[in-house]
Structure formats: structure tokens, C-alpha cells
Amino acid sequence: MADDGRAGPDTGVPTRNWAGNVTWSAARRHRPTTVDELRELVAASRRIRAVGSRHSFNRLADTTGDLVAVDGLPPTVEIDPVRGTATVAAGLRYGEVAARLHEQGYALPNMASLPHISVAGAVATATHGSGERHGNLATSVVALELVTADGDLVRVDATDARFPGLVVGLGAYGVVVRLTLALVPTFEIRQYVHLDLPREAMDEALASAYSVSLFTDWRGTGFDQVWRKQVADQEPPPTRWLGATAADTPRHPVPGLPGDPCTVQLGVPGPWHERLPHFRPGFTPSSGQELQSEYHVPRTAAAEALAALDGVRDRIAAVVQICELRTVAADRLWLSPQYDRDTLSIHFTWIADAGAVAPVVAAVEERLAPFAPRPHWGKVFDLPPAAVAAAYPRFADAVAAMVAADPTGTFRNDLLDRYLPR
Ligand SMILES: Cc1cc2nc3c(=O)[nH]c(=O)nc-3n(C[C@H](O)[C@H](O)[C@H](O)COP(=O)(O)OP(=O)(O)OC[C@H]3O[C@@H](n4cnc5c(N)ncnc54)[C@H](O)[C@@H]3O)c2cc1C
């Protein structure tokens, strides 16, 4: 197995994930500074996994062998104005990439709730924001370069038959070093928060702006907060809107927390990357003491899925800090939770108590089972593997592509063996 002589804490790769609920099993941790160094490392390793900014809540990034972070590689952002693309270093965080794109007059169509996450890690798990017409972050990828098990550097673009499998790749095809993203012209967003939206207004609210999030703590039937991120020239919403009332101070999605870590609200216009995330760089996103789960169900089943969860409302309320509903548009990426399906994404920020949360996760999964839920690959879930496989029409193709790309199982780990058995 590879040993670059820098293994151990001094490599700068932390021993745990962001939430602290996963301590890596890795025998060695690495942070190469050149692609050649990475290629040698991968070629010499029998078991290796890439790790990004460590924001996943499960063991998807874990390995018993070599854990490698790519944030030591040169932090390049190369804009191609003719093609309207940017080729970015895999370990860069979205916040860093977005600021550099905006300076040059460009934007990405959407962002997740936080700008702290790495591009490669977010794309690998189909991380998403919200918006009925916007795909998840992986849908901006038009090409990626990765180091395969034998240490080769391979570029795969949208003309390659393997592309729809490799993009939401769960780290199973190789170590991604660069991604090329499709750009749009930079744009401005105004963010408004309304309070106390009745459940009946859900569909109208979700369709009312560029990106909409509904928040509930499940203690009532409606939504405590609606966050609307609208293009700056859209007419501002009235103070009383769909039965909700405009907030007059900045809000945090988690009840009781101050609004300071959150992006600017109250309708003040600002660039896309300073409004589309909920949280600002330089602050702890979300509550910081938490676990998360998320299930993507067909958009058309939204009302029924929520009604099913009403049956376990009290159990959810006992362990949830906040629950967020978002919408994400369908795509063609085989392991994307949005594959061939517009989704309602039902997200739970749980308390940081795995023992208390696990039975409620099980109850939520049982309630959502009729809707063929697709779990967020990077969050806490325990669905039966057969149910996950059955929810993805191209599942077998994705697994076959993993075997073809990595016949010796260099990039495998326990979570992949359970959910994507070869
Ligand atoms: C506070 C908080 C808020 C969040 N908000 C959202 C949200 O709004 N929307 C959403 O969808 N998710 C959200 N997430 C989840 C998060 O976006 C995903 O877990 C995402 O994968 C994190 O990216 P990362 O760089 O930390 O990846 P990691 O957790 O480090 O890794 C995730 C996966 O990516 C793979 N990977 C990482 N780098 C590479 C690489 N270079 N090459 C190949 N594979 C690689 C890993 O092997 C692993 O399989 C949130 C998480 C937190 C902690």
C-alpha cells in the first residue's frame, strides 16, 4: 500500500467529518500538492477514497486504506468565454469558485444552502439548492477529469457514453481533480422571508420565485418560514402573502438562532452567490450541532408524502431542529436523486444524538416508502438497499460502469458494498 511518508495528522486532513459523527477508519491520510503525486498515490494504493470538505453525515467518503484530500492541488479557475464554461479545481469550495466567477461577470444557476462545500464532493453526491426549474449542482458539469485506479488521468465529457454515470459518482470511479461547469451571466437576487404559511399554500409558494425553501419544525401543520430568493427585477411580494406575513428582521432557519450567519434578507438585492445559499462563508452554517437526513420524492407526490409524515409528526418534532422542503428539477444523471424525476426534497436537520434520531429516521423511511424515496447520498439514511436500487431506473448501469472503471475495487468501501453491490 502507498505510504507517502506524510501519513498521519500532519497531512492536514482532519480525522473526522464536519459533524463529528464519523471518525475515519483510514490507515493513512494524504494531501498531495500535484496531480502527478496524486496519480502515484492512487496507482500504489489497494484501497483509496477521496474526501472533500467533509460535510457528509455518513461513511460515504470513508475507507480503511488511504484517504486523500484534493484541496492541496493548485486552486485554479479557468474561464472559457467562448464555451461559457469554467474548469475548476475539484477541492475548491463553491464560495471560492462563485466569487471568482462573479468578478468575471459569470454565475452558476444555483447553490446549496452553504458555500463551504467542495465542488467535487458536492457534485459526487448530487448536492442541490432549490427551484422548480433548476437542476442539482451536478447538472452544471459538462466534463470532469479524474485519476482512475491505475493512476491514469482521464477526461470524460458529455459526449462520452459513461458521462451520465460518472458525474454523480459517489467517489466510486476515481479521484476527480478538475470539473468543467457550464456558466450563465451573473445575476442579482433579492431574498424575502415570510412567516406562518398554511400548508394549503405550499405548491403556490414553491413555484413563486427562482428558489424557495419552506421550513417547519413539525409542531404545527403549516410552515414557520418561507425563504424566497427571487430575481431582483421580480415584483416584491406583499407584506401579507398567501396567508403568511413578511418578517421584519433577519431570520435563521433553526428556531431561536440569530440571523447573523445567514445571507442578507429583507429584499436587499445582491449577487447570486451571496443570496442563493442560506448561510454566509466565514460563519458556521446551519446549527453546527446536528445530523441531517434528506429524501427526494416525486414532486407530484408532495402533498401525499407530507400527509404520510403527519402520522409520525410528534416523533419527528421530538428530535428535529428544523425540516426544509425544496424542489429540484429532473435530470439524466443515473445516480442523481432527480434522475428522470422532478422532486420535492424533504430535509431534516436533527439533533446531534444518533441514538435518538435512528428510530425516527426509520419511521420517516417507512412512511415515505410508498413514494420510492431516493435518499441524499451524503446524509443519514438506512433504507433497505433493494429499495434504493429499485428507485433508480439506471441503477444496474451505474454499478456496471463502476466495475468497468474500477475492476479491482480500489475505490470501494463498506457503504458502497452495502448499497451498490457489485
Ligand atoms: C451544514 C450543511 C448543510 C448542507 N446543505 C446541503 C444542501 O443545501 N443541499 C444538499 O444537497 N446537501 C447539503 N449538505 C450535504 C453536502 O452538500 C454533501 O454531503 C456534500 O457531498 C458535501 O461535499 P463535501 O465536499 O464535503 O464532500 P465529502 O463529504 O467530503 O464527500 C462526499 C462524497 O464525495 C466524494 N468526493 C469528494 N471529493 C472527491 C473527489 N475529488 N473525487 C471523487 N470523489 C470525491 C467522497 O468520496 C464522498 O463519496 C449539507 C451539509 C452540511 C454539513
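These are legends for an overview and several close-ups of a predicted model of one protein chain.

**Overview. The whole chain, with 11 helices and 20 strands.**
The radius of gyration is 21 Å, close to the 22 Å that the globule rule gives for 422 residues, so the chain is as compact as a globular protein of that length. If you want box dimensions, the C-alpha atoms fill roughly 60 × 45 × 40 Å along the principal axes. Buried residues come to 59% of the 422. Take the contacts with a sequence separation of 6 or more: 71% of them join residues 24 or more positions apart. The chain exposes about 16,100 Å², and carbon and sulfur atoms supply 52% of that. As for charge, there are 40 positive and 48 negative ones, and their mean positions sit 2 Å apart.

**Close-up 1. Helix H2 and its buried face, residues 94–103.**
Here the buried residues are Tyr94, Gly95, Val97, Ala98 and Leu101. Looking down the axis of H2, you'd find them within an arc of 160 degrees, so they line one face of the helix. What do the buried residues of H2 pack against? Three strands are involved, S4 (77–80), S5 (85–89) and S6 (106–107), together with helix H3. Just after H2 comes glycine 105, with a positive phi of about 90 degrees.

**Close-up 2. Helix H6, residues 302–310, with its buried and exposed residues.**
Ala302, Ala305, Leu306, Ala308 and Leu309 are the buried ones in H6. Their arc, seen down the helix axis, is 155 degrees, so these residues line one face of H6. Flip to the other side of H6 and you meet Ala303 and Glu304, which are exposed.

**Close-up 3. Helix H10, residues 395–405, and what covers it.**
The buried residues of H10 are Phe395, Ala398, Val399, Ala401 and Met402. Down the axis of H10 they fall within an arc of 160 degrees, so they line one face of the helix. Their cover includes two helices, H9 (385–390) and H11 (414–419). On the other side of H10, Ala396 and Ala404 are exposed. Zooming in on alanine 396, its relative accessible area is 59%, so it counts as exposed. From alanine 396 to arginine 332 is 15 Å, C-alpha to C-alpha, with their positions 64 residues apart in sequence.

**Close-up 4. Two loop residues, alanine 126 and aspartate 340, each with a positive phi.**
Neither is a glycine, yet phi is near 60 degrees for alanine 126 and also near 60 degrees for aspartate 340. Alanine 126 belongs to the loop between helix H3 (119–124) and strand S7 (141–147). For aspartate 340, look in the loop between strand S18 (320–328) and strand S19 (343–350). Which of these words fits alanine 126, buried or exposed? At 1% relative accessibility, alanine 126 counts as buried. Aspartate 340, at 51% relative accessibility, counts as exposed, with the cut-off for exposed set at over 50%.

**Close-up 5. Glycine 378 and the residues it touches.**
Glycine 378 sits in the loop between strand S20 (374–375) and helix H9. With a relative accessible area of 1%, glycine 378 is buried. Which residues does glycine 378 touch, not counting those up to four places away in sequence? They are Ser56, Phe57, Asn58 and Thr125. Arginine 54 is worth including in the frame too: glycine 378 and arginine 54 are 324 residues apart in sequence and 9.8 Å apart in space, C-alpha to C-alpha.

**Close-up 6. Arginine 29 in strand S1, residues 28–30.**
A charged side chain can make you wonder about burial, so here is the number: arginine 29 has 10% relative accessibility and counts as buried. The cut-off for buried is under 20%. How far is arginine 29 from isoleucine 346, in sequence and in space? The pair are 317 residues apart in sequence and 34 Å apart in space, C-alpha to C-alpha.

Definitions and conventions: Residues numbered from 1 in each chain as written. Predicted model: local features only at pLDDT ≥ 70, side-chain atom pairs only at ≥ 80, totals over all residues. Heavy atoms only, no water. Helix = DSSP H or I, 4+ residues; strand = E, 2+ residues; numbered from the N terminus. Rg over C-alpha atoms; globule rule 2.2 N^0.38 Å. Buried < 20%, exposed > 50% of the residue type's maximum accessible area, 1.4 Å probe, protein only. Contact = heavy atoms within 4.5 Å. Areas by Shrake-Rupley, 256 points an atom, 1.4 Å probe, with all protein chains shown as cover. Lys, Arg positive; Asp, Glu negative; His and termini not counted. Charge placed at Lys NZ, Arg CZ, Asp CG, Glu CD. Arc of directions from axis to C-beta.
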